[in-house]
Amino acid sequence: MDFSNEEINFFAELFKPNKKSHAYNSHVLTLQSSVPANIAHLLSSANLTLLAEVAHYQLWFPLDLKIDSAGIIKPILNAPEVIDTQGTLRSWRWSELNIKSQGFKIESISNTGMFLKPLRKGNHLNKSQHMEFILPNKQCISMEIEPVRQSTQGIAAKITQIHSGQEQLRAYLFEEHKRQHAKLYENGQLVEQLI
């Protein structure tokens, strides 16, 4: 392979000791505010989560990256799942509910499960069941639940699938957590510990 004089001079300048190459001086650094199409697809379908730790709670915020028509990335934070880290890690549960649905009273609910009390004696939950109900904030939730434990106090059930209202349930629980633990969220800021 033969090189032209220009190519030979370029390589000679590139490897000259203690002297900067002209190639470095002529290079321009650019910054793009838009995302290339092949990367945009990856970002828009990515499952990202931000973690905030407050006292003994973890707040897992789902992060969606939306890309507008100009190719600009817009991050969108959704309501977090609140995890209680005392003891074993588990979704924080709200228990001051007065929701009745399909022969049961929902005593408590989290993002992963609920505790039900039968409204009639002998009302059992023996297998997976579809349940629909309306939260106190008027949001409709539709889900599949499966019993985990049954006792004289009621039935513990895990949520196996949320058909509709997943974001609304997460937002409702987060709002109740903020209301119950207002000191953690003073002035819209997360406070390091309970006061």
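This is a short tour of the structure you have open, one selection at a time.

**Start with the whole chain**

Keep in mind as you look around that this is a predicted model. Show the chain as a cartoon, and you'll find 4 helices and 11 strands. The chain has 195 residues, and 33% of them count as buried. Now switch on a surface: the accessible area comes to about 13,400 Å², with 52% of it belonging to carbon and sulfur atoms. Among contacts with a separation of 6 or more, 41% join residues 24 or more positions apart.

**Next, select the core**

In soluble globular proteins, nonpolar side chains tend to be buried together. To look at this here, pick out Ile106, Met114, Leu116, Phe133, Met143 and Ile145, which have the most contacts inside the largest nonpolar core, a group of 32 residues. Colour the elements that each give at least two residues to this core: strands E1 (48–54), E2 (57–67), E7, E8, E9 (129–134), E10 and E11, plus helix H4 (166–180).

Zoom in on methionine 114. Which residues does methionine 114 touch, leaving out those up to four places away in sequence? The list is Arg93, Ile106, Ser108, Ile109, Met131, Phe133, Met143, Ile145, Ile155, Ala156 and Ala157.

**Over to phenylalanine 104**

Now click on phenylalanine 104, which sits in strand E7. Is phenylalanine 104 buried or exposed? Its relative accessible area is 2%, so phenylalanine 104 is buried. Draw a distance line to leucine 125: the two are 21 residues apart in sequence, and their C-alpha atoms are 9.6 Å apart in space. Leucine 125 is also one of the contacts of phenylalanine 104, along with others including Leu116, Pro118, Asn123, His124, Met131 and Ile155.

**A pair to compare: valine 82 and asparagine 111**

Select valine 82 in strand E4 (residues 81–84). Valine 82 is buried because its relative accessible area is 3%, and the cut-off for buried is under 20%. Then add asparagine 111, in the loop between strand E7 (104–109) and E8. Asparagine 111 has a relative accessible area of 15%, so this loop residue is buried too.

How far apart are the C-alpha atoms of valine 82 and asparagine 111? They are separated by 8.5 Å, although the residues are 29 places apart along the chain. Show the side chains around both. Beyond its sequence neighbours within four places, asparagine 111 is in contact with Glu81, Val82, Ser91, Ile159, Ile162, Leu169, Arg170 and Leu173. Valine 82, for its part, touches Asn111 and others, among them Tyr57, Leu59, Trp92, Phe174 and His177.

**Towards the end of the chain**

Follow the chain past H4 and stop at leucine 184, in the segment after that helix. Leucine 184 is buried, with a relative accessible area of just 1%. Valine 54 is 130 residues away along the chain, yet the C-alpha atoms of the two are separated by 7.0 Å.

**Two backbone oddities**

Most residues other than glycine have a negative phi, and most peptide bonds are trans. Select alanine 55, in the loop between E1 and E2: its phi is positive, near 50°. Alanine 55 has a relative accessible area of 35%, so it counts as partly exposed. Then go to glutamine 102, in the loop between strand E6 (99–101) and E7. Here phi is also positive, near 55°. Glutamine 102 is partly exposed, with 40% relative accessibility.

**Last stop: the pockets**

Rolling a probe the size of a water molecule over the atoms shows where empty space is left. For the largest pocket, select Arg90, Arg93, Gly113, Arg149 and Ala157, which lie nearest its centre among 13 lining residues. The space here is about 220 Å³. Strands E5 (90–91), E8 (113–118), E10 (140–150) and E11 (155–164) each supply at least two residues of the lining. What kinds of residue line the largest pocket? There are 5 nonpolar, 4 polar and 4 charged.

The second largest pocket holds about 170 Å³ of space. To find it, select Pro118, Gly122, Asn123, Ser151 and Thr152, the closest to its centre of the 14 residues that line it. By class, this lining has 3 nonpolar, 8 polar and 3 charged residues.

Conventions:
Residues numbered from 1 in each chain as written. Predicted model: local features only at pLDDT ≥ 70, side-chain atom pairs only at ≥ 80, totals over all residues. Heavy atoms only, no water. 1 Å grid on protein atoms, 1.4 Å probe; cavity = no way out; pocket = protein on both sides within 12 Å on 5 of 7 lines; lining within 4 Å. Points joined across faces, edges and corners; volume = space filled by probe spheres on them. Nonpolar A, V, L, I, M, F, W, Y, C, P; charged D, E, K, R; others polar. Buried < 20%, exposed > 50% of the residue type's maximum accessible area, 1.4 Å probe, protein only. Contact = heavy atoms within 4.5 Å. Areas by Shrake-Rupley, 256 points an atom, 1.4 Å probe, with all protein chains shown as cover. Core = buried A, V, L, I, M, F, W, Y, C linked by side-chain atoms within 4.5 Å.
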